[in-house]
Amino acid sequence: RDDDQFRVVEAREDLVRQLDEEFDREVLEEAVARVRVRVTPKTWRVFELTAHEGRSGAEAAAELGMTVAAVFVAKGRVQRLLQEEVRRLENPGHDGT
């Protein structure tokens, strides 16, 4: 009997975790869509190369004809904008100030 209750609790916790993950994924996808249109294609490509493809700043700089410093500035800008959008989406009606 305790075993059955434990399994029910585990199943409920697993479902809650899955729903949280789905919500987080949807929030992130929406944030990505919003940020992508706010930055230049080159800035977005920097983010794709470094954050998603795992390329180094030097590799991204060489591919895009930028300095390494400019790559890190662009990547940081996209990350900051994504964080801001995620906050807005998770807290509608609050502007974060």
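Thr50 is in contact with Arg55, Ser56, Ala60, Val71 and Lys75, once its neighbours within four places in sequence are set aside. The model is a predicted one, and in it Thr50 belongs to helix 2. Its relative accessibility is 9%, and because the limit for a buried residue is under 20%, Thr50 counts as buried. Among the partners of Thr50, Val71 and Lys75 have numbers that fall in the range of helix 4, residues 68-90. Ala60, another partner of Thr50, has a number within the range of helix 3, 57-64.

One of the residues touching Thr50 is Arg55, which sits in the loop between helix 2 (41-52) and helix 3 (57-64). Arg55 has a relative accessible area of 27% and is therefore classed as partly exposed. Apart from residues up to four places away in sequence, Arg55 touches Leu49, Thr50 and Glu63. The contact between Thr50 and Arg55 thus appears in the list of each residue.

The next loop along the chain, between helix 3 and helix 4, holds Gly65. With a relative accessible area of 66%, Gly65 is exposed. Gly65 and Val32 are 33 residues apart along the chain, and their C-alpha atoms are separated by 24 Å.

Helix 4 spans residues 68-90 and contains Glu85. Is this acidic side chain's residue, Glu85, buried or exposed? Glu85 has a relative accessible area of 6%, so it is buried. Its side chain makes a polar contact with the side chain of Arg34, at 3.4 Å. Beyond its neighbours within four places in sequence, Glu85 is in contact with Ala31, Arg34, Val35 and Arg38. Arg34 is therefore both a contact of Glu85 and, under the 3.5 Å limit for N or O pairs, its polar partner.

Glu90 is also found in helix 4. The relative accessibility of Glu90 is 39%, which means that it counts as partly exposed, whereas Glu85 is buried. When neighbours within four places in sequence are left aside, Glu90 is in contact with Phe23, Asp24 and Val27. Glu90 and Lys42 are 48 residues apart in sequence, and the distance between their C-alpha atoms is 28 Å.

These residues can now be placed in the whole chain. The chain has four helices and zero strands, and reading along the sequence gives the pattern α-α-α-α. What share of the contacts with a separation of 6 or more joins residues 24 or more positions apart? Such pairs account for 58% of those contacts in the chain.

The overall dimensions depart from those of a globule. A compact globule of 97 residues would have a radius of gyration near 13 Å, but this chain has 19 Å. Along the principal axes, the C-alpha atoms fill a box of roughly 65 × 35 × 20 Å. Of the 97 residues, 22% count as buried; Thr50 and Glu85 are among the buried residues.

The surface and the charges complete the description. The chain exposes about 7,000 Å², and carbon and sulfur atoms supply 53% of that area. There are 16 positive and 21 negative side chains in the chain. The centres of the positive and negative sets lie 8 Å apart.

Definitions and conventions. Residues are numbered from 1 along each chain as its sequence is written. This is a predicted model: local features need pLDDT of at least 70, side-chain atom pairs count only at pLDDT 80 or more; totals for chains, interfaces and linings use all residues. Side-chain values use heavy atoms; hydrogens and water are left out. Helices (H or I, at least four residues) and strands (E, at least two) are DSSP runs, numbered from the N terminus. The radius of gyration is taken over C-alpha atoms; the globule rule is 2.2 Å times the number of residues to the power 0.38. Buried means under 20% relative accessible area, exposed over 50%, partly exposed in between (1.4 Å probe, protein chains only). Contact means heavy atoms within 4.5 Å. Accessible areas come from the Shrake-Rupley method with a 1.4 Å probe; for residues, only the protein chains shown count as cover. Lys and Arg count as positive and Asp and Glu as negative; His and the chain ends are not counted. The place of a charge is taken as NZ of Lys, CZ of Arg, CG of Asp or CD of Glu. A polar contact is a pair of N or O atoms within 3.5 Å; within protein, one must be able to donate a hydrogen and the other to accept it, and residues adjacent in sequence count only if both atoms are side-chain atoms.
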